[in-house]
Amino acid sequence: MSIRHLSFAAAMAAITAIGAALAAPVQAGPISFNSALTLSSKEFVFRELFVFEDSGDDPSGQDRDRHALSSLSVLGYGVDETLALFAVVPFHYRRLRITTDGERRTRDATGLGDIRLFGKYTAVRRNWTARAFRLSPFAGIELPTGASDENDRFGRLPASVQLGSGSFDPFGGITATYQTLDYQIDAQLSYQANTEANNFEFGDVARADISGQLRLLPRKITGGVPGFLYGVLELNLIHGGKNRDNGAAVGNSGGVTLFVTPGLQYVTRRWILEAVVQLPVIQNLNGTALEKSHVVRAGIRVNF
Amino acid sequence: MSILRIAAVFIALAAFPAIAQADANRYEIGVDGLSCPFCSYGIEKELSAVKGVDTLGVDIKRGVVTVRMKAGASLDEAQARKATKDAGFKMRSFTRLSGK
């Protein structure tokens with residue numbers, strides 16, 4: 001094991017100790033959560049992320065399987081060197097297959113989801129030659145722009161198929177980044193407090209994420225600004241509280257999931273191509289809540 | 001053939017003042033915090049917006065930006081420091097490369 005790999009492991013352990021979720025990364029860095037890196041003053045970044053999600057292994061006997069495809073369009077703007085503002089506009093296709101009264105039913109919805117607006121402030125900034133550290137709290141709100149009361153011929157769609165929550169849901173957290181030319185470590189803690197709408201309330205979501213990116217190519221930097229190919233490995237620990245329906249807790253909802261998330265990222269001066277697959281290694285879910293099979297995230301970012 | 005040589009000499013002599021003038025306007029800015037390709041665009045954008053900047057190049061390994069100014073223009077250290085700060089980095093050094 002080389003000194004470079006040892007220092008990578010040491011830095012990963014160190015930043016885990018420091019502790020630092022939302023699907024809106026906007027700089028080179030983690031793919032399934034946020035980065036503490038901020039935009040330059042008056043700089044824009046646009047990101048298009050596609051998320052493919054499958055759930056199954058239904059313990060309820062209804063043979064449920066859920067499939068979701070989302071596109072997340074993210075626009076970020078650097079107000080100055082410390083404050084950046086972001087908007088995340090999702091578009092969803094959600095489908096649930098379920099066996100009810102001996103009949104196989106397909107229930108689905110397509111359309112705009114809940115738009116997220118948030119700001120990130122760089123509270124701590126340290127710069128060294130070819131190294132940087134940032135610590136940034138962030139806060140925002142998820143707006144009820146997605147339809148939350150959709151029906152089909154079987155009646156009202158279940159909450160897991162609705163395109164939005166119908167509620168104003170604030171969220172916040174803190175994210176930290178340590179970056180060198182050889183590797184980058186990001187960590188994040190976040191919490192989303194979901195509120196009630198249509199007599200239904202999704203459980204609050206708490207997340208802890210950590211991401212390591214190791215430069216694979218070029219093996220040696222000789223000058224200029226070459227494109228970097230990073231190997232990415234992330235851990236995403238997500239705790240979902242129980243949903244509430246008409247004020248009563250829904251037993252078959254919420255729980256804890258831990259994803260191991262490997263991937264690749266190619267970074268240039270102006271654009272980034274990236275893809276990861278989130279593999280659930282621990283799913284301690286309540287009751288008959290549906291387990292995730294895997295989540296694939298792939299996208300592109302462009303700055304201007 | 002000799003006509004071609006004479007023409008080449010004339011072209012070189014004509015170009016010499018422009019080259020000398022351009023060399024007199026080159027600066028090297030040491031930038032701390034530059035540590036990935038995507039981040040380098042920010043400093044390029046900020047410095048490109050400074051009046052009189054002609055071309056610039058980033059050496060990410062050394063953490064250095066080389067700026068060439070247009071003929072007759074010069075780069076002020078305070079301007080370079082502000083551009084570096086606005087990009088989220090720290091200016092480590094500021095050197096005029098030639099033409100002192």
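Here's a quick tour of chain A as a whole, then of one strand in chain B and its partners.

This is a predicted model, where local features need pLDDT of at least 70 and side-chain atom pairs count only at pLDDT 80 or more, while totals for chains, interfaces and linings use all residues. Residues are numbered from 1 along each chain as its sequence is written, with chains lettered from A and ligands numbered from 1 in the order in which they are written.

**Chain A**

Chain A has one helix and 20 strands; helices (H or I, at least four residues) and strands (E, at least two) are DSSP runs, numbered from the N terminus. Its C-alpha atoms fill a box of roughly 65 × 40 × 30 Å along the principal axes. The radius of gyration is 20 Å, which agrees with the value near 19 Å for a compact globule of 304 residues; it is taken over C-alpha atoms, and the globule rule is 2.2 Å times the number of residues to the power 0.38. Buried residues account for 40% of the 304, buried meaning 20 or more other C-beta atoms within 10 Å of a residue's own, with C-beta atoms placed from the backbone.

**Around β3 of chain B**

Strands pair if DSSP finds at least two bridges between them. Here are the pairings of β3(B):

| Strand | Partner | Bridges | Direction |
|---|---|---|---|
| β1(B), residues 26-32 | β3(B) | five bridges | antiparallel |
| β2(B), residues 53-59 | β3(B) | six bridges | antiparallel |

On the β1(B) side, E28(B) sits opposite T66(B) of β3(B). V58(B) has V65(B) in β3(B) as its bridge partner. The β2(B)–β3(B) hairpin has four residues between the strands, and G63(B) takes a positive phi near 65 degrees there.

In a regular strand, side chains alternate between the two faces of the sheet. In β3(B), residues 64-69, V65(B), V67(B) and M69(B) point to one face and are buried, whereas V64(B), T66(B) and R68(B) point to the other and aren't.

Note on methods. A residue is buried if 20 or more other C-beta atoms lie within 10 Å of its own, exposed if 12 or fewer, and partly exposed in between; C-beta atoms are placed from the backbone.
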